[in-house]
Amino acid sequence: MKYVVVINDHSFEIEIDSDGQIEVNGEARDVDFLNLGGSLFSIITETKSLEAVIDDDEGKIAVMMDGRLIETQVLDERAVLLAQRRGGFGMRSGEVHAPMPGLIVAVTVEKGQAVAQGETLVILESMKMQNELQSPIAGIVQSIYVSADQTVNKNDLLIEIHANADDA
Amino acid sequence: MAEQVTGINKILIANRGEIAVRIIRAARDLGIPTVAVYSDVDRTALHVRYADEAVHIGGPRPAESYLRKDTLIDVARRTGADAIHPGYGFLAENADFAGQVTDAGMVWIGPSPDAIATMGDKQAARTAVTRNKVPLIPGTAAGMPDDELIHAARAIGFPVLIKAVAGGGGKGMRPVQREEDFEAALNTARREAESAFGNGDVYVEKLLVGARHIEFQILADTHGNTVHLGERECSIQRRHQKLVEEAPSVFMDEDLRARMGEMAIAAAESVGYVNAGTIECLVDRDKNFYFLEMNTRLQVEHPVTELVTGVDLPKEQIRIARGRRMGPTENVLEPKGWAIECRINAEDPYANFMPSTGQITTMLLPTGPGVRVDSGVYTGSEITPYYDSMIAKLITWGETRSEAMLRMRRALSEYRIMGLKHNIPFHINLLNSISFIAGKFDTNFVEQRFNMHTYEQDPTPEELETLAIAATLYAHRKRLLASQVVAPAKRDTSNWKWMSRFERMHR
């Protein structure tokens, strides 16, 4: 199986054959990859021993190593084709979910309103702190599913933003 | 004065989390039994498991449990506890509760209700400490008209800070660098204060540039002894929440320590303070210091003082509450070595420090020389949205600041908490930052000059390749697990693959 991995400005071609042998940009690598439970992994490349926390995040794979969080995109051959047809990697969803349970203090936007990426949409109170939930993309507020004083559970859908056509 | 010794036979701890555990440990070291209280969601909490007795007191919201004064006193009475330790937060600085406890004939392990009330009221505290010549940040009285404020600002000297009387959370607060900007800023501040608090009254204070937050630990007994146990450097904060504390401070010299220590003792004595307390100060670049407030309780960051003085603060609190003389403190005037504390919070530093809730699925604690962890959670603990996001404190000690920092870096890299997001990555990056290592920071450092996305050292090409391999194997493994269709390998040459098959077989 062939993959293309995009990290920051770099990309790597990584091939894993049916025996689990790994090649990076055509060169063989000796890798031992072991799950330590949950999203914790131990990696020994050649003799170097490292640990990483790896999670999926909306189609991206986030690797935390040595206090640094690096987002990567791992695309198989089909995904590479699809991405090329769409005109680029990385489409972000316009859905805003509750990152934790809590109380909605305020909804600061209205339906139909244009919002910029990073603009505050909802203020959610949890753990004695008020948290501003921001728009992941620029677009138009399509639906609002919550109102002030409502309690929400983790991952509840709060707001949907419809991406601006020219950004999609 | 005749030595009056009050017996303490059992202590109720009106708190939860790591501080409840810390107090249980002190009591146990003194051979005193303890009573824990807990809410619905804290049945399995560590303080409940470690205490000799535990009593359920209500629902998960603090108002339904940890803040119920009558219930707490009732539980103390029922269990035969004759003393109450409030920890920090919740009712620790509630003068009414302290009074109720004493009125019920029990020992309050803390200062008198009067001292709590005076220091808890900003204006009363200023009046009290001024009597003992404690320096305050130069400022005006509240509610002056515009023209008088401008005169006052000129007298104080620019830059100044306009603050709302009813203020909080930075609203109605405006820094003014130059006199010509004063009027416009004043109008904005008044408008903002009016709309946010319904009160447009403001006052003007000197704006301290590059100030550090340095505090002094005070210990006072009923025999007229008041001492300080040196300073703590607490400038590493975000939104007025401390994140890292050190003892001593890189900014301190012997002369400043002597002068500030004397001031701290005078401030405590101005209210006849007894027990442990903390004098918080701002110190400007020229080493001028100003009293901010007194915290009339044990501080979160008390362990750094313990590690450089050898004094067990909760034990001293209990000893003083019993009416005894405080332990020997002559040898603590010179801090021994260096201690650093990192607050481990369930907050995601990569998502604007958003609190994170959930179950801790893995918790591997750092150990080894010079490492201490004060924690109230363990593998399997549920972090709920009802309480503070601090789940543990990691403290390291070294002969020098460098040794303490290196041990902290080691300890942070050993610490594994899985199941929720936490701020260990923040601490790792902070401990790698040149400014922090050099001791060059003020209270604005984290918010204005620190960024989780720009690293002191960017990943090398080799590191990026390792990251790429890890991400790919993760994606590949997930795909295999999802598809359930596996072609049998001709030979098992790779552990990761063997592992993924092993996991499937043992589902």
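**Two chains, questions and replies**

Modeller: The C-alpha centres of domain 1 and domain 2 of chain A lie 32 Å apart. This is a predicted model, where local features need pLDDT of at least 70, side-chain atom pairs count only at pLDDT 80 or more, and totals for chains, interfaces and linings use all residues. Residues are numbered from 1 along each chain as its sequence is written, and chains are lettered from A and ligands numbered from 1 in the order in which they are written.

Biologist: How do you know where domain 1 and domain 2 of chain A begin and end?

Modeller: The bounds come from an automatic or database domain assignment. That assignment gives 2-86 for domain 1 and 95-167 for domain 2 of chain A. For chain B it gives 11-109, 146-206, 337-450 and 462-505 as domains 1 to 4. The C-alpha centres of domains 1 and 2 of chain B are 42 Å apart.

Biologist: What pLDDT does chain A average?

Modeller: The average is 85, and 91% of the residues score at least 70. The score is the predictor's confidence in each residue, from 0 to 100. Among the elements of chain A, strand E3 (residues 22-24) has the highest mean, 94, and helix H1 (residues 77-86) the lowest, 72. Elements are DSSP runs numbered from the N terminus: helices are H or I with at least four residues, strands are E with at least two.

Biologist: What makes residues of chain A and chain B count as in contact, and how many do so?

Modeller: Their C-beta atoms, placed from the backbone, must lie within 7 Å. By that test, 51 residues of chain A meet 42 residues of chain B. The chain A side has 30 nonpolar, 14 polar and seven charged residues. Here Ala, Val, Leu, Ile, Met, Phe, Trp, Tyr, Cys and Pro are nonpolar, Asp, Glu, Lys and Arg charged, and the others, Gly among them, polar.

Biologist: Why is Asn25(A) called exposed?

Modeller: Exposed means 12 or fewer other C-beta atoms within 10 Å of its own, buried means 20 or more, and partly exposed is in between; C-beta atoms are placed from the backbone. Asn25(A) has 12 C-beta neighbours inside 10 Å, so it counts as exposed. Asn25(A) sits in the loop between E3 and strand E4 (27-29) of chain A. Its phi is positive, about 45°, although it is not a glycine.

Biologist: Why does Glu46(A) count as exposed?

Modeller: Glu46(A) has 8 C-beta neighbours inside 10 Å, so it counts as exposed. Glu46(A) also has a positive phi, near 55°.

Biologist: What makes the span of H8(B) close to the expected one?

Modeller: The expected span is 1.5 Å times one less than the number of residues. Helix H8 (residues 182-197) of chain B has 16 residues, and its 22 Å from first C-alpha to last is close to the 22 Å expected.

Biologist: Which residues of H8(B) are buried?

Modeller: They are Phe182(B), Ala189(B), Glu192(B) and Ala193(B). These residues cover an arc of only 100° around the axis, so they are on the same side of H8(B). The arc is that of the directions from the helix axis to the C-beta atoms. The face turned away from the buried side carries the exposed Ala184(B), Arg191(B) and Ser195(B). The buried residues pack against H7 (146-156), E6 (160-164), E7 (174-176) and E8 (202-206) of chain B.

Biologist: Which peptide bond ending at Pro159(B) is cis?

Modeller: The bond from Phe158(B) is cis, with omega near 0°. Pro159(B) is in the loop between H7 and E6 of chain B.

Key
Two residues are in contact if their C-beta atoms, placed from the backbone, lie within 7 Å.
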